[in-house]
Amino acid sequence: MLNVRDYLPSDLTSAVRLLEAVQDREDTPRLDPSRFIAEMTNGGFAVVAVVQEEGVGEEVVGLVTAHAAGAEAWIYGIAIATPWRHQGIGSALLDRLEQRLLHGGVRRISALLAPGQVGETALTNRGFVATDGLVLHEKTEPLAPRSLEVVEQWGGMLLPEGLWEQAAGMEREKQVIESRVVDPLASPELAERIGLRPPSAVLLFGPPGTGKTTFAQAVASTLRWPFVELLPSKLAAAEGTLASELRRAFVELAELEHVVLFIDEFDELVPAREGRPASAGVVNELLKSIPEFRSRPGRLLVCATNFVDTIDPAVLRPGRFDLLIGIGPPDKAARAALWGRHLEQMDVAEDADPSTLADVSAGFTAGDIDLAAQRAAVAAFQRARGGQDSTRIEVPDLTSSVAATKPSISAWMRERFATQLEEYSRV
Ligand SMILES: Nc1ncnc2c1ncn2[C@@H]1O[C@H](COP(=O)(O)OP(=O)(O)OP(=O)(O)O)[C@@H](O)[C@H]1O
Ligand SMILES: [Mg+2]
């Protein structure tokens, strides 16, 4: 089992062993073990990939180490044990290193590497650009330290890359979000030249657990924009009124060059005013704040709701929300993709078939499928603990755990969603 984590003092011997093992390789940047020891015993910083070796403990099979000064950092060593090359370890190490440096206020990271050396592919994959075809790789991080402060004050963060790829199935929804939201925001110059206005505000609606939060985060991850979630309950508990806290959030977050601002359970914030006169102040506040938020490009408001039909219609008008996108229950293909994802990660009998499982799990959300898969794993785990021979997950484990799991989406909810899709969808 491979684990990528911060370097610990107890890794020193194993890390030095790795550096010695790779130091004569032409394709590995020279990192003198004695320099590494000096840096590390002086509070230096590194990220390591370790594997658990039976009876031996953890062994370092990859490491990357950097020196930070103010807003600049230099990567001065990357090493990966020969048998562990070309498995994405370099990218995983850099991902964690970047996150750490960024939170320490670093804005630009550079690395000196010869072409073809270990780590070059990983750097390129992580968006580093080689200068002058020479040996310097550089990357300017997407967030200035001051912006990071604002983001963190509101409980936000820069999400890891790759969340979009992790969302399985849901091809219809993914296609809409990609073509209407992500692509235009990622290529604003091209969009402007053609006259396409990238969206500023999007509402995601649909039954619980269908992936609204997941998609909002995936958009932020792909754009490399910070993700800030405003929780109505937390805003209401703050000093001012809900309306004034909301105003403060919009004003402060408007300082950011880029942000995905996410508001979940949007219906609670803006129920139709006649029904809930107490919320009129909040609705009026949003009617002012949303146009202001929209007035500059590079920012995206994503709101999510399970009850689109209870939202004050004034808030949803074009000009406030560009797109209203329904996120439906996973269809059969999406369920098969979700099952496939789980089966890949489990020790499971060869005859377990994602498509058959998709057939018997109608109404299941991604969360339900996860729960059912885990229940099947529990059955196999119990057998293994009991000393039985058959320790992998068998098809009957899966079918009985599916039968024991209640689908989150009832037929009634599916029908209601279909009606809402017709009435509200705007893409
Ligand atoms: N397409 C997907 N692929 C893989 N996992 C998914 C996908 N969609 C959702 N999930 C997983 O399902 C769970 C529920 O998803 P999520 O929280 O995004 O749903 P939601 O629509 O925001 O729900 P709610 O309406 O309750 O807020 C999460 O654990 C998420 O990781
Ligand atoms: Mg959610």
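**Note on the predicted model: loops, ligand shell, cores and domains**

1. Arg-224 sits in the loop that runs between helix H9 and strand S9 (227-230). The model under discussion is a predicted one. In this loop, the phi of Arg-224 is near 60 degrees, a positive value in a residue other than glycine. Most residues other than glycine have a negative phi, and for that reason the backbone at this position deserves mention. With 15 C-beta neighbours inside 10 Å, Arg-224 is classed as partly exposed, because that count falls between the limit of 12 or fewer for an exposed residue and that of 20 or more for a buried one.

2. A second position of this kind is Glu-265, whose phi is near 50 degrees, again positive in a residue other than glycine. Glu-265 belongs to the loop between strand S10 (259-263) and helix H12 (266-269). Because 14 other C-beta atoms lie within 10 Å of it, Glu-265 is partly exposed.

3. On the overall architecture, the chain contains 19 helices and twelve strands. Its C-alpha trace spans about 75 × 60 × 45 Å along the principal axes. Of its 427 residues, 37% count as buried. Contacts across the sequence are well represented: among those between residues at least 6 apart, 73% join residues at least 24 apart.

4. The chain is divided into domain 1 (2-141), domain 2 (148-328 + 418-424) and domain 3 (332-404). Domain 2 is thus written as two segments, 148-328 and 418-424. The centres of domain 2 and domain 3, taken over C-alpha atoms, are separated by 34 Å. Seven residues from domain 2 and nine residues from domain 3 take part in the contact between them. On the side of domain 2 that touches domain 3, two residues are nonpolar, four are polar and one is charged.

5. Which residues come nearest to ligand 1? Of the 17 residues around this ligand, they are Gly-211, Lys-212, Thr-213, Thr-214 and Ala-366. Helix H9 (212-223) and helix H17 each supply at least two residues of the shell. The largest share, three residues, comes from H9. By type, the shell consists of seven nonpolar, eight polar and two charged residues. In terms of domains, at least three residues are drawn from each of domain 2 (148-328 + 418-424) and domain 3 (332-404).

6. The largest nonpolar core has 73 residues, and those with the most contacts inside it are Val-202, Leu-204, Ala-216, Val-219, Val-260 and Val-302. Helix H17 contributes the largest share of this core, seven residues. Both domain 2 (148-328 + 418-424) and domain 3 (332-404) give residues to the core, so it lies between them. Apart from it lies another core, of 32 residues, among them Val-47, Val-61, Val-64 and Ala-79.

7. Val-260 may serve as an example from the largest core. Leaving aside residues up to four places away in sequence, Val-260 touches Ala-216, Val-219, Ala-220, Trp-225, Phe-227, Leu-300 and Val-302. Ala-216, Val-219 and Val-302 are themselves listed with Val-260 among the residues with the most contacts inside that core.

8. Helix H18 (residues 395-404) has Asp-397, Leu-398 and Val-402 as buried residues. Why do these residues lie on the same side of H18? They cover an arc of only 125 degrees around the axis, which places them on the same side of the helix. The face turned away from this buried side carries the exposed residues Pro-396, Ala-403 and Ala-404. The cover over the buried residues of H18 includes helix H16 (354-360) and helix H17 (366-385).

9. Is Pro-329 buried or exposed? Pro-329 is buried, because 26 other C-beta atoms lie within 10 Å of it. Its place is in the loop between strand S12 (323-326) and helix H15 (332-344). Not counting residues up to four places away in sequence, Pro-329 touches Pro-207, Thr-210, Gly-363, Thr-365, Ile-409 and Arg-414. The C-alpha atoms of Pro-329 and Ser-408 are 9.3 Å apart, although 79 residues separate the two along the chain.

Conventions: Residues numbered from 1 in each chain as written. Chains lettered and ligands numbered in written order. Predicted model: local features only at pLDDT ≥ 70, side-chain atom pairs only at ≥ 80, totals over all residues. Helix = DSSP H or I, 4+ residues; strand = E, 2+ residues; numbered from the N terminus. Arc of directions from axis to C-beta. Contact = placed C-beta atoms within 7 Å. Near = placed C-beta within 6 Å. Nonpolar A, V, L, I, M, F, W, Y, C, P; charged D, E, K, R; others polar. Domains from an automatic or database assignment. Core = buried A, V, L, I, M, F, W, Y, C linked by C-beta atoms within 7 Å.
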